[in-house]
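Colleague: I've got this model open on my screen and would like to talk it through. Can you pull it up too?

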Amino acid sequence: MSAEVPSGSPVDLPDHIDRAVLKIAGVVVLGAIMSILDITVVNVALPTFQVVFGTPTDPLPYSTVAWTVTAYTLALATVIPLTGWAADRFGTKRLYMTAIALFALGSALCATAWSIEALIGFRVLQGLGGGMLMPLGMTIMTKAAGPHRMGRLMAILGIPMLLGPILGPILGGWLLEVASWHWIFLINVPIGLVALVYAWRVLPKDSPQPSESFDFLGMALMSPGLALFLFGVSSIPGEGTFNAPRVYVPMAIGVVLMVAFVFHSFRPEHPLLDLRLFKNRNLTITVITMFLFVAAFFGGLLLVPTYFQEVRGESTLQAGLLVAPQGIGAMITMPIAGSQVDKHPIGKIVPFGLVFILIGMFGLTQLTATTPYWHIMLELFVMGLGMGATMMPLFTSAMKTLKAHEVARGSTLLNINQQIASSVGVAVMSVLLTNHLNASKLAGPAMASLHDPALADKLPPVAIAKGLADAAAAFADTYWVAWVLVLLTVIPAALLPRKHEETHLLDDEGRPPVVVH
C-alpha cells in the first residue's frame with residue numbers, strides 16, 4: 001500500500017523499538033484510543049440514556065439503549081474489510097486522516113441526537129470512521145516495525161486497550177456529572193483535530209496501487225444479516241416472548257442472509273471474508289477461542305457500571321472509578337504477555353489468562369445488593385489480569401502462523417470476528433439482564449426509583465431492600481451466563497499450539513506484508 005521498498009531488497013530494521021517507530025506509534029495509538037475509548041465511555045452512560053430518551057417515570061428498556069454500543073461495534077465490523085481495499089486505491093495516509101475526520105464528525109452529530117434512534121444512527125456513522133482506525137493503524141505499524149518485532153508492536157498497540165477500561169468509564173462518569181451526556185461525544189472533536197494534524201505531519205506519504213476488486217455482494221449479505229439477527233434478539237424483552245413477528249421475522253431473515261453469505265464466500269477470488277483460511281487449524285482454534293472470550297468478557301463488562309449506578313446508587317463518576325481496577329489489572333499483564341508471545345507458544349500463555357477471568361467473574365456471579373466494594377474491585381482486577389494475558393497474545397499468535405500472502409485476509413477475519421463477538425455479547429447480556437429485571441418487575445422505573453429519598457416515605461425499608469436484592473440477583477444471574485461462556489472458552493484454548501510456531505510474516509523479498517485487506 002505505502003512502503004516504497006526497492007524490489008528484492010530486504011527491510012533492514014533494528015531489533016529495538018526505535019524513535020522513528022515510536023513517532024508513528026503515537027499517531028496510531030491516538031487514533032485507536034479514540035475508537036476504543038468511545039465504547040467504554042458510553043457504557044457508563046446507558047442508565048442516563050434510559051431516562052434522557054425516555055422519561056424518569058418510564059425509561060427506555062436497557063436492551064434498547066444498549067444498541068448505542070451494539071450499533072457502534074457492528075459498524076466497526078462492517079467497515080474493516082472495506083479498509084484494505086480503500087487504502088489500496090486512496091493511500092493509507094489519506095484514508096487514515098479521512099477515518100479520523102469521519103469519527104470526529106460522527107461524534108459531533110451524536111451530541112445533537114434528539115432521540116435514541118437518532119443517536120444509534122449517528123453511532124453507526126461514528127463506528128464507520130472508528131472501524132478503519134485500528135486496522136489501518138496496524139498496517140502502518142507493521143510496515144514501520146517489521147515482523148520480528150511483532151510481539152513488542154502488539155504491546156504498544158495494546159495501550160488503547162489498557163486506557164479504554166480505565167479512563168473510559170471515569171471520563172464518561174465525570175463528564176456526565178459535571179456537564180451533560182452530550183460531552184461524552186463532543187470530547188472527541190478536539191482530540192480528532194489534534195490527531196488529524198499529527199497524522200498529516202508524521203505519517204509518510206504513500207502511493208495508492210489499486211489491486212483487487214471488492215466483494216460488495218458479500219458485504220450486502222453479512223452486515224444486514226447480522227444486524228437483523230441481533231435486532232430480533234434485542235426485541236425479545238419488549239415483546240415478552242420469542243413467538244412474536246418483531247422477534248422471529250428479523251432473526252429468520254438475518255439467518256438466511258448469513259447462510260447465503262457463507263455459501264457466497266467460496267465463490268469470488270477475493271471474498272469479503274476468506275473462509276478458506278479455516279483450513280489453518282491454529283487460526284480456526286484462535287477464532288473460536290477469541291469469539292467466546294470476547295462475547296463473554298465485553299458483554300459482561302457492559303453491566304458493571306450499570307450495577308453500581310442502579311443497584312448501589314452511585315454517581316456516574318463513582319461508577320467509573322469503581323470499574324478502573326479492571327483496566328489496571330490489564331495494564332500489568334498485557335506488556336508482559338506481549339513480550340512473552342515472541343518467546344513462548346500461545347498454548348502456554350492464554351489458558352493462564354482464562355483461569356484469572358474465571359476466578360474473577362465467578363465472584364460477580366455472587367453479587368448482592370450489599371457485596372463489599374473491595375470484593376468487587378478485587379474481582380475486576382483479577383479479570384483485568386486475565387484479559388491482558390489473553391487478548392493480544394491470541395491475535396499475535398494467529399497472525400504469526402499465517403503465510404505472508406494470507407496475513408492481510410487473516411487480519412480482516414480476526415478483526416471482524418472480534419467486533420461481531422463483542423456485538424453479540426453486548427446484545428445477549430443486555431437482553432438477559434432486561435429479562436431478569438422484567439421477571440422481577442424491576443425494569444426501568446422501579447429500579448431507578450429505589451434510591452429516590454422520597455420513596456422512603458412511601459415504602460417500608462424491607463420493601464426497598466427486597467427490590468434492591470432482586471435487582472442485584474438479576475445482574476448475578478446474567479453473569480452466570482458470561483461465566484459459562486468463559487468456561488467453554490477453555491475447551492478450544494486447550495487446543496492452542498503448545499510448541500513455538502514458526503513465523504511466515506516475511507514475504508519472498510524480505511518485506512513485511514500489509515495487515516488488513
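What follows is a short chat about this model.

Colleague: What is the mean pLDDT of the protein?
Modeller: Keep in mind that this is a predicted model. Of its residues, 84% reach a pLDDT of 70 or more. Over the whole protein, the mean pLDDT is 81.

Colleague: Over which residues does pLDDT stay under 50?
Modeller: Where pLDDT is low, the coordinates shouldn't be read in detail. One such stretch has 62 contacts beyond four places in sequence in the model, and that's residues 505-517. The other has 29 such contacts, and that's residues 1-11.

Colleague: How many helices and how many strands does the secondary structure come to?
Modeller: The protein has 517 residues, and 58% of them are buried. As for secondary structure, strands come to zero, while the helices come to 22.

Colleague: At what angle do α14 and α17 pack?
Modeller: Two packed helices are described by the distance between their axes and the angle between them. Helix α14 covers residues 281-301 and helix α17 covers residues 350-364, with their axes 12 Å apart. Their crossing is left-handed, and the angle is about 30 degrees.

Colleague: Which residues of α14 and α17 make the contact?
Modeller: By class, this contact has no polar and no charged residues, just six nonpolar ones. From α17 come Leu354, Ile357 and Met361. The α14 side brings Phe293, Ala296 and Phe297.

Colleague: What share of the accessible surface belongs to carbon and sulfur atoms?
Modeller: The accessible surface of the protein comes to about 20100 Å². The carbon and sulfur share of that is 68%.

Definitions and conventions: Residues are numbered from 1 along each chain as its sequence is written. This is a predicted model: local features need pLDDT of at least 70, side-chain atom pairs count only at pLDDT 80 or more; totals for chains, interfaces and linings use all residues. Side-chain values use heavy atoms; hydrogens and water are left out. Axes are lines fitted to C-alpha atoms, for helices over the stretch in contact, and angles run from 0 to 180 degrees between N-to-C directions. Helices (H or I, at least four residues) and strands (E, at least two) are DSSP runs, numbered from the N terminus. A crossing is left-handed if the near helix is turned anticlockwise from the far one by less than a right angle, and right-handed if clockwise. Contact means heavy atoms within 4.5 Å. Ala, Val, Leu, Ile, Met, Phe, Trp, Tyr, Cys and Pro count as nonpolar, Asp, Glu, Lys and Arg as charged, and the others, Gly among them, as polar. pLDDT is the predictor's confidence in each residue, from 0 to 100. Buried means under 20% relative accessible area, exposed over 50%, partly exposed in between (1.4 Å probe, protein chains only). Accessible areas come from the Shrake-Rupley method with a 1.4 Å probe; for residues, only the protein chains shown count as cover.
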